[in-house]
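Colleague: I should like to go through the charged contacts and the internal space of this protein. Could you put the model up?

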Amino acid sequence: MKKYFVISLPRSGTSTISKMSEIMGLKWVHPPHSSYLTYIKNDAVDFLSDTPIFNPNVINEIINNKSITAKFIFIDRSFDDIFNSWVKCNLYKNYLGMYNQFESGDEDNLNSGQRFDFKNYNDAFNGEKLTEENYNEVFKNHKNTVINMVKKSNSELLIYDFEEGWEPFCDFLNKEVPNKNIPWVNKGTMFDKI
């Protein structure tokens, strides 16, 4: 069973690439959230992106799952653009709120979804608090970690930039290039510079 996993962070273009996979005839879920194991185990979904797929621990689970053929995609987007999108859509504010509650020992007031999200961000950032001052370093460390994990496993990996158009994505999926524009999702908040 072949499955595709987008291992880049939220706000990197995961919604757009998921819609692109739909045009290619794949069944996708964005984000799979805590149901990700169910989606990995069955054939209801071919393409998974966003939380928790970017978590290195989850990537390791996927790599070690011998019942699937995993193929990985990392969306190569400017760290400044990703962070600005986090700020613009309040993801950064929400992250800080969750971080502060965990730091103060008040995590019991978070719902299960927030606890799940925070755990995945914390794992992705290797326990380091993401700030306006260090996001470039934190995002770069995440990128290097997940790409090196996939390369070490000898799994197939596409490092994809939307500016390259459909071709690299379609080649990776072994699909014909569609006669359609890329379906920008969240364009007002994500792709202001494209």
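Modeller: What follows concerns salt bridges and a cavity in this model, which is predicted.

Colleague: How many salt bridges are there?

Modeller: The count comes to four salt bridges. Among them is the contact between the side chains of Lys 71 and Glu 156, at 3.3 Å from N to O.

Colleague: Which parts of the chain does that pair tie together?

Modeller: Lys 71 lies in strand β4 (residues 69–75) and Glu 156 in strand β5 (residues 156–160), so the bridge joins parts that are 85 residues apart in sequence.

Colleague: Is Lys 71 buried or exposed?

Modeller: Lys 71 is buried, since its relative accessible area is 7% and the cut-off for buried is under 20%. Its partner Glu 156 counts as partly exposed, at 44%.

Colleague: And what does Lys 143 pair with?

Modeller: Lys 143 forms a salt bridge with Asp 76, and their closest N and O atoms are 2.8 Å apart. This pair also links distant parts of the chain, with Lys 143 in helix α7 (residues 135–152) and Asp 76 in the loop between β4 and α4, 67 residues apart.

Colleague: How accessible are Lys 143 and Asp 76?

Modeller: Lys 143 has a relative accessibility of 19% and counts as buried, because the limit is under 20%. Asp 76 is partly exposed, with a relative accessible area of 29%.

Colleague: Where do Asp 123 and Lys 119 sit?

Modeller: Both are in helix α6 (residues 112–124), four residues apart, so about one helical turn separates them. Their side chains meet in a salt bridge at 2.6 Å, N to O. Asp 123 is partly exposed at 22% relative accessibility, and Lys 119 is likewise partly exposed at 45%.

Colleague: Changing topic: how many cavities of 30 Å³ or more are there?

Modeller: There is one cavity of 30 Å³ or more. The largest cavity holds about 60 Å³ of space.

Colleague: Which elements supply at least two residues each to its lining?

Modeller: Those elements are β4, α4 and α7. Helix α7 gives the most, with three residues.

Colleague: Which residues line the largest cavity?

Modeller: The lining includes Ser 8, Leu 9, Phe 74, Ile 82, Phe 139 and His 142. Asp 76 and Lys 143 belong to the lining too, and these two residues are the salt-bridge partners discussed above.

Colleague: How does the lining divide into nonpolar, polar and charged residues?

Modeller: Six of the lining residues are nonpolar, three are polar and three are charged.

Notes: Residues are numbered from 1 along each chain as its sequence is written. This is a predicted model: local features need pLDDT of at least 70, side-chain atom pairs count only at pLDDT 80 or more; totals for chains, interfaces and linings use all residues. Side-chain values use heavy atoms; hydrogens and water are left out. Buried means under 20% relative accessible area, exposed over 50%, partly exposed in between (1.4 Å probe, protein chains only). On a 1 Å grid over the protein atoms alone, a cavity is a set of points where a 1.4 Å probe fits but cannot get out, and a pocket is an open set with protein on both sides within 12 Å along at least five of seven lines; lining residues have an atom within 4 Å of a point. Grid points are joined across faces, edges and corners, and a volume is the space filled by probe spheres set on the points. Ala, Val, Leu, Ile, Met, Phe, Trp, Tyr, Cys and Pro count as nonpolar, Asp, Glu, Lys and Arg as charged, and the others, Gly among them, as polar.
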